[in-house]
Amino acid sequence: MLVWTEINLNAILYNLRQIRSLVEPKGAKVLAVIKDNAYSHGALEVAKAIENDNIMMFGVATVEEAIQLRQGGIKKPILVLCCILPEQAESVIDYDLVQTVCDLNICQTLSQLAKEIGKVAKVHIKVDTGMGRIGVHYDRAVELVKQVNQIPNIIIEGIYTHFSSSDIDQDYTLLQIDRFNSVLSCLKKDGIYIPIRHSASSSAIINYPSSYYDMVRPGIALYGYLPFASDKIQLRPALSFKTRIVYIKEVPPGTSISYGRTYVTDKTTRVATLAVGYGQGYNRKLSNRAEVIIRGKRARIIGTICMDQCLCDITHIPEASLGDEVVLIGTQGDQTITADELARKIGTISYEVLCGINANVKRIYNSDDI
Ligand SMILES: *Cc1c(COP(=O)(O)O)cnc(C)c1O
């Protein structure tokens, strides 16, 4: 195999337990966010690894993702975090999913379909307290809850909101928490009880214990990353991304390397060809920027990254040879490259680097000690 990822399920379990140790003393449970194939780690494998570790439910982006989990044997509740269109409502009922809703229309569709087959649709009301994405405006949330409560075969199991800046903006996050709290206190005043209230994703889990309520929704932290450095929690990156050296040559000074001649050697250079490119999710913007690890030493990517190949300067690693394992993300010897390191180099976030790893790249699972 020439390109693969290795996923340490024990690291994910470790991260989950770190999160649990923060939130459980405050009475909150965990919804594990495994959308987008668990941030590339493999949704079904991750779900199976953690489903018996005292989590309350799983969160996915789409009905299709949820169906795959059900077909893979996952029995735990699954919350679909995005809106659906009416044509997907039937699947929500058939597969016993919990659906995020933001308006009355979709609730009526769910209610009607559930009634036809004698089931009850479960929904969580999404409240927009300032994210500006999906959600009923916080001023109209109580009214929507009351309307939904009047239609049959549907129950409001949860109510939640999402923060836009809990990693960087305390004033704004506290304002969002206030708005959510005022919705909750109006409901309470009107004698309406909704069992699962939630708001915190990874950043808020670290920064805002007042946002835990009944449940928290970690995603990135499960996989070992956070949007910022923090000493409040220890996390272990779970994914390594690896390839191999498939060709080695020595070239004289003045040799241009790869498409567009963006790199020209200034010395006699030993160049290794690696069997990975942007087609597998090694971002082309990393051209001439990223480093990799070979034989425990860092080496620079030189020239433009191609679709399935890229080049690296191994002049300073004379022992490097054909077939050597090359670490793009992960640890070898005393060197480590994180998704954060790559993200910083190309102006994005660890989330996008991880999600960018193509689904066609083989995932190898282990439960190594961490
Ligand atoms: C993706 C997502 C999360 C998880 O966010 P992280 O920053 O990865 O922890 C939580 N809630 C919702 C609604 C999301 O879309």
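**Exercise 1. Which exposed residues does the face of α4 turned away from its buried side carry?**

Before starting, keep in mind that this is a predicted model.

Step 1. Begin with the buried set: in helix α4 (residues 63–71) these are Val63, Ala66, Ile67, Leu69 and Arg70.

Step 2. Check how they sit around the axis. Their arc is only 160 degrees, so they end up on the same side of α4.

Step 3. Now flip to the face turned away from that side: the exposed residues there are Gln68 and Gln71.

Step 4. Find the packing partners. The buried residues of α4 pack against α3 (43–50), β3 (57–60), β4 (78–80), α5 (89–94) and β5 (98–101).

Step 5. Look just past the helix: Gly73 follows α4 and has a positive phi, near 100 degrees.

**Exercise 2. Take helix α8 (residues 170–189) and work out whether its end-to-end distance agrees with its residue count.**

Step 1. With 20 residues at 1.5 Å a residue, α8 should span 28 Å. The expected span is 1.5 Å times one less than the number of residues.

Step 2. Compare that with the model: the end C-alpha atoms of α8 are 28 Å apart, so the two agree.

Step 3. List what is buried in α8: Thr173, Gln176, Ile177, Arg179, Phe180, Val183, Leu184 and Leu187. These cover an arc of only 160 degrees, so they share one side of α8.

Step 4. On the other side of α8 you'll find Asp171, Asp178, Lys188 and Lys189 exposed. The buried residues, meanwhile, are covered by elements including β6 (121–128), α7 (141–149), β8 (154–160) and β9 (196–198).

Step 5. Finish with the ends. Asp169 caps the N-terminal end, with a side-chain oxygen 3.3 Å from the backbone nitrogen of Asp171. After α8 comes Gly191, with a positive phi near 70 degrees.

**Exercise 3. Classify the aromatic pair of Phe241 and Tyr282, and say which parts it ties together.**

Step 1. Grab the geometry: the ring centres are 6.5 Å apart, with 75 degrees between the planes.

Step 2. Planes over 60 degrees apart count as edge-to-face, so Phe241 and Tyr282 form an edge-to-face pair.

Step 3. Place the partners. Phe241 lies in strand β11 (residues 239–251) and Tyr282 in the loop between β14 (269–274) and β15 (291–294), so the pair ties together parts 41 residues apart in sequence.

Step 4. Check burial: Phe241 is buried at 2% relative accessibility, and Tyr282 is buried at 1%.

Step 5. For the wider aromatic picture, the count comes to four pairs. Tyr39, Tyr223 and Tyr351 form one aromatic cluster.

Definitions and conventions: Residues numbered from 1 in each chain as written. Predicted model: local features only at pLDDT ≥ 70, side-chain atom pairs only at ≥ 80, totals over all residues. Heavy atoms only, no water. Phe/Tyr/Trp six-rings, centres within 6.5 Å; stacked < 30°, edge-to-face > 60°. Helix = DSSP H or I, 4+ residues; strand = E, 2+ residues; numbered from the N terminus. Buried < 20%, exposed > 50% of the residue type's maximum accessible area, 1.4 Å probe, protein only. Arc of directions from axis to C-beta. Contact = heavy atoms within 4.5 Å. Polar contact = N/O pair within 3.5 Å; in protein donor to acceptor, adjacent residues only side chain to side chain.
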